[in-house]
Amino acid sequence: SRAFNFSAGPATLPEAVLRQAQAEMLDWHGVGASIVELSHRGPEFMQVAAEAEADLRALMSIPDDYAVLFLQGGATTAQALLPLNFAAPGQAVDYVVTGHWGKTALKQVKHCVAANVAANGEPGGYRDIPARDTWQLSSDAAYVHYTANETIHGVEFRDIPDVGDVPLVGDFSSSIVSEPLDVSKFGVIYAGAQKNLGPVGVSVVIVRRDLLERAGQPRAEILDYRAHLKGESMLNTPPTWNWYLAGLVFKWMLAEGGVTEFAARNARKSALLYGVIDQSGGFYRNEVAAAVRSRMNVPFFLHDEALDKPFLAQAQEAGLISLKGHRALGGMRASIYNAMPEEGVQALATFMRDFQQRHG
Ligand code: PLP
């Protein structure tokens, strides 16, 4: 009876994970209490935390010279902490802005650091990624920040940009673990959990250990990644429920075949949807340059806005929910993260073709 849920985040979770959490809710592994009723420092949760880190390391092939942190505050807090941890006072930082979230990342740091916009897709309506040879990078930047996948505008980097020796910081909130990734190319990778990793409330920060030795800027301990690493991501009470569920998602992903398998599924799912859109003769349209279309978030418009409401209502009747586009763009958006089964995308494709037949 579960609908296919195309929400951008919080997003659908694997049914198997929800069922396991339900089964363990009252009594985790015979302890007589839920895992979220136990101390984060107790042996039970310490085991959950250690397995979550080990499983994420296995999933993403994270090298040993990278630390993995599980923190609160979402991706936005991770954005705000970048200059505090990695840029010396007065040192420039470079931002490549290819959508709403890149702009948000920049907004978080502008007040405290010399932020240079190295490239900006806004004049083109964020429909493409400015060519690498047009980027105006600073010569002495502390890092270069980019958004691997723009969740609202549906623009995704298909390659890791080459920025030389400057640490590359990637916001992977909406595309982490969706395909194999060479972590060694990055200084920092961060992601809120609520798209591909689990429920909202925990975020993952993967950071090259040597960068933690940078002076950064004066900051409270709770804003200091070195302290978080030393404190095993438990400087204060961590979001144990969210962390535990993310751990179940990692185990589910590993059992399903890992990121290579999900990359194949995600390629098929997104190709199917873009195919329906492109073959609709203009009934549906996606405005993003084909080479940078997101595999995770597919924004699309109907040729006549008056059809938006019936589209959403009939989709809901067909068990396809949360397709309304972000208010910044309007139209529709289908978010098809790892946990969206291929049958869900097939059902949406069939619905879209039928809807066009009825209203075209
Ligand atoms: N970056 C990207 C790419 C996002 O999609 C989002 C949220 O949707 C954020 C950052 C902000 O994340 P949070 O709400 O966890 O702060």
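Start by selecting strand β12, residues 297–302, together with β11: the two run antiparallel and are joined by two bridges. Keep in mind as you go that this is a predicted model. To see one of the pairings up close, pick R285 and then F301, its bridge partner in β12.

Now widen the selection to the whole sheet. It is an open sheet of three strands in the order β11-β12-β14, with antiparallel pairing. Colour β11 (284–285) and β14 (332–335) to mark the edges; each has a single partner strand, so one side of each is left without a neighbour in the sheet. If you like to display hydrogen bonds, remember that strands of a sheet pair through backbone hydrogen bonds, either parallel or antiparallel.

Next, move to strand β9, residues 188–192. Is β9 buried or exposed? Five of its five residues are buried, so β9 is largely enclosed by the rest of the structure. Show the side chains and turn the strand: V188, Y190 and G192 lie on one side, I189 and A191 on the other, and both faces are covered.

Which strands pair with β9? Select β8, residues 168–171, and you will find a parallel pairing with β9 over three bridges. Within this pair, V169 has V188 of β9 as its bridge partner. Then add β10, residues 203–208, which is antiparallel to β9 and joined to it by five bridges. Here G192 stands opposite S203 in β10.

Keep G192 selected, since the next stop includes it. Around the ligand you will find G9, G74, A75, T76, W101, T147, T151, D171, S173, S174 and G192. Colour this shell by class and you get two nonpolar, eight polar and one charged residue. Which helix gives the most to the shell? Helix α3, residues 74–86, does, with three residues.

Finally, zoom out and colour by domain. The domain assignment gives domain 1 as 15–255 and domain 2 as 258–359. Their centres, taken over C-alpha atoms, are separated by 27 Å. Where the two meet, 23 residues of domain 1 are in contact with 23 residues of domain 2. On the domain 1 side, select β7 (155–156) and α6 (240–256), each of which supplies at least two of the residues that touch domain 2. By class, that side of domain 1 has eight nonpolar, nine polar and six charged residues.

Key:
Residues numbered from 1 in each chain as written. Predicted model: local features only at pLDDT ≥ 70, side-chain atom pairs only at ≥ 80, totals over all residues. Pairing = 2+ DSSP bridges. Helix = DSSP H or I, 4+ residues; strand = E, 2+ residues; numbered from the N terminus. Near = placed C-beta within 6 Å. Nonpolar A, V, L, I, M, F, W, Y, C, P; charged D, E, K, R; others polar. Domains from an automatic or database assignment. Contact = placed C-beta atoms within 7 Å. Buried ≥ 20, exposed ≤ 12 C-beta atoms within 10 Å, placed from the backbone.
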